Amino acid sequence: MSTISSESTEAETTTALSLYDEYAWREMVYHVTPETAEALATEKVTAYIGFDPTAASLHVGSLLPIMALARLQRFGHTPIALVGGGTGLIGDPSGKSKERPLLTREKMEENLAGIEGQLRRFLDFETAANPARMVNNLEWLGSISLLDFLRDVGKYFTVNYMLSKESVKRRIESEDGISYTEFTYMLLQAYDYLVLHDRYGCTLQMGGSDQWGNILAGADLIRRMRSEKAHGLVFPLVTNAAGTKFGKTESGTVWLDPGLTSPYRFYQFWLNTDDRDVVRYLKFFTWLTRPEIEELAAVTEAAPERREAQRRLAREVTRMVHGEAELARAEQASEVLFGGAMDALSPADILDIFEDVPSAELSRARFEGEGIGVIDLLVESGATASKGEARRLVRSGGAYVNNRRVADERARITLEDTIEGKAVVVRKGRKNYRLVLIR
RNA sequence: GGACAGGUACCGAAGUGGCCAACCGGGCUGGACUGUAAAUCCAGUGGCAUUCGCCUUCGGAGGUUCGAAUCCUCCCCUGUCCA
């Protein structure tokens, strides 16, 4: 999989700006502690972001913090990706309206492994100057004794302070309340920051806007225990113009793992970005420079129907996450799936392109002689739930076989209509495909 | 425990003995338009059947009737009020 390394040289030539200015221009700064900008402009900073092992893969929502770390590294600072092996066992109440079920240790181990693998693609762990680092807070949280923790960390926080945090306050006011376990979460995260500060000189923690309270708690802890400055910066919530949750589609979460979200779907997710969001997403999720993005913004303004910004966004992000080869496949598939003609395609191409489309198998005998009726084909491929629905579909002109509309509900599909006797592509409407394999 | 109100298709909501597979709105699915957009417009939206039509559905179970989502009995559930 591709990493950022191939492109990092050209970005360095444009680093007259400080990282903070870069973040600011990219609209990545939602809240920030005083003096952070100055620190980023005058020092080499070590910064960390935590990733929760709630699933075995990161999703596109995590791309903003990931890019923040990657950008930070390109500006010569040192990124630390922290995976929450310890805190993951507790559960972060931030942004959650009710208590979460605890993950089992086994499940969490599994999740950690997946997430670590993904993070490695975005950060450079080999460079001599400022290599990235990956840490797991289970390492220190797993072994600290409760008494030590209460004496060393707990003593620095008043309950009053903790109760005043938004994440806690909201839950206190809710009916279900908050467990002592989750209430403690903030202190654990504060302690993480302290540990990273002591071990690696980490002086900046970043995160999503829901992490603001936790981050401040950590900065406060460092200030009180070590009398040193620690900074915090949080990103805005990534929103979309449609008002739905970013990173979700009808078919669910858009994951970075190609096994969970195919590169084709991943590509399509970005390509379908609303005009109103696309410039912001280019800033958030790509390495394109300011002039490039401004150019794309102008094109979007003048000729939105060309969707150049969306195309570029989809290309850049898909390449970054899945690599050049997968990008090419995703583009080819998009062309066929939305372009029409598929006559020239070989069965191998078809299988490739329709890889993540639901498929069904029918015996060769069904296509021999008279062939199979369209209605039956629609039902048996799973395109429609009943024959009645299939009939209505054909009557309304929404049924296609191999991308050709079938207007007659009595039409029959024979071997001659199939793709070299190997497959048939059934389509319902504009983009609802089913692949029928012939055996 | 008592008094009302109510349970209709994915959701909301009409219907209060035959014209009800069930008005209407939303959602969803097609189509037109388009930029794989938004908005708009059109159609469809229980199953089977090429047609006639048949079958299953209105909280559940029985019953009355030629005929019920609609009437009766019992039961279950929900909301509001009283204890």
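The largest cavity in this predicted model is lined by Asp92, Pro93, Ser94, Ser167, Val168, Glu182, Phe183, Tyr185, Met186 and Asn214. It holds about 30 Å³ of space. Three helices each supply at least two residues of that lining, namely helix 9 (166-173), helix 10 (180-183) and helix 11. When cavities of 30 Å³ or more are counted, the total comes to one.

From the cavity I turn to the largest pocket. Its volume is about 1300 Å³. The pocket is lined by 46 residues, and the closest to its centre are His59, Gly61, Ser62, Lys96 and Asp210. Which elements give two or more residues to this lining? They are strand 2 (46-51), helix 4 (63-74), helix 11 (185-200) and strand 5 (202-208). Helix 11 is therefore worth locating on the display, as colleagues will recall that helix 11 also supplies at least two residues of the cavity lining.

Allow me now to describe the chain as a whole. Chain A has 439 residues, and 50% of them count as buried. Its secondary structure comprises 20 helices and 15 strands. The C-alpha trace spans about 85 × 50 × 35 Å along its principal axes. Among contacts in chain A with a separation of 6 or more, 74% are between residues 24 or more positions apart. The accessible surface amounts to about 20700 Å², and carbon and sulfur atoms account for 49% of this area. Chain A carries 54 positive and 63 negative charges, whose mean positions are 4 Å apart.

Next, the covered parts of the chain. Helix 13, residues 263-271, is mostly covered, with eight of its nine residues buried. The buried residues are Pro263, Tyr264, Phe266, Tyr267, Gln268, Phe269, Trp270 and Leu271.

Leu233 offers a second example, placed in strand 6, residues 231-235. Is Leu233 buried or exposed? Leu233 counts as buried because its relative accessibility is 0%, and the cut-off for buried is under 20%. Leaving aside neighbours within four places in sequence, Leu233 is in contact with Tyr20, Tyr23, Met28, Val29, His31, Val32, Leu204, Gln205, Met206, Gly207, Trp212 and Ile215. For one of these residues, Met206, a C-alpha separation is available: the C-alpha atoms of Leu233 and Met206 are separated by 4.8 Å, although the two residues are 27 residues apart along the chain.

A charged residue may be considered alongside it. Glu316 lies in helix 16, residues 308-322. Glu316 has a relative accessible area of 11%, so it is buried. Not counting residues up to four places away in sequence, Glu316 touches Thr286 and Leu288.

I close with two backbone positions. Most residues other than glycine have a negative phi. Asn402, which is not a glycine, has a positive phi of about 50°. Glu420 likewise is not a glycine and has a positive phi of about 50°. Where in the chain are they found? Asn402 lies in the loop between strand 11 (399-401) and strand 12 (404-405), while Glu420 is found in the loop between strand 13 (412-413) and strand 14 (423-428). As for their cover, Asn402 counts as buried because its relative accessibility is 7%. Glu420, at 58% relative accessibility, counts as exposed, the cut-off for exposed being over 50%.

Notes. Residues are numbered from 1 along each chain as its sequence is written. Chains are lettered from A and ligands numbered from 1 in the order in which they are written. This is a predicted model: local features need pLDDT of at least 70, side-chain atom pairs count only at pLDDT 80 or more; totals for chains, interfaces and linings use all residues. Side-chain values use heavy atoms; hydrogens and water are left out. Helices (H or I, at least four residues) and strands (E, at least two) are DSSP runs, numbered from the N terminus. Buried means under 20% relative accessible area, exposed over 50%, partly exposed in between (1.4 Å probe, protein chains only). Contact means heavy atoms within 4.5 Å. Accessible areas come from the Shrake-Rupley method with a 1.4 Å probe; for residues, only the protein chains shown count as cover. Lys and Arg count as positive and Asp and Glu as negative; His and the chain ends are not counted. The place of a charge is taken as NZ of Lys, CZ of Arg, CG of Asp or CD of Glu. On a 1 Å grid over the protein atoms alone, a cavity is a set of points where a 1.4 Å probe fits but cannot get out, and a pocket is an open set with protein on both sides within 12 Å along at least five of seven lines; lining residues have an atom within 4 Å of a point. Grid points are joined across faces, edges and corners, and a volume is the space filled by probe spheres set on the points.
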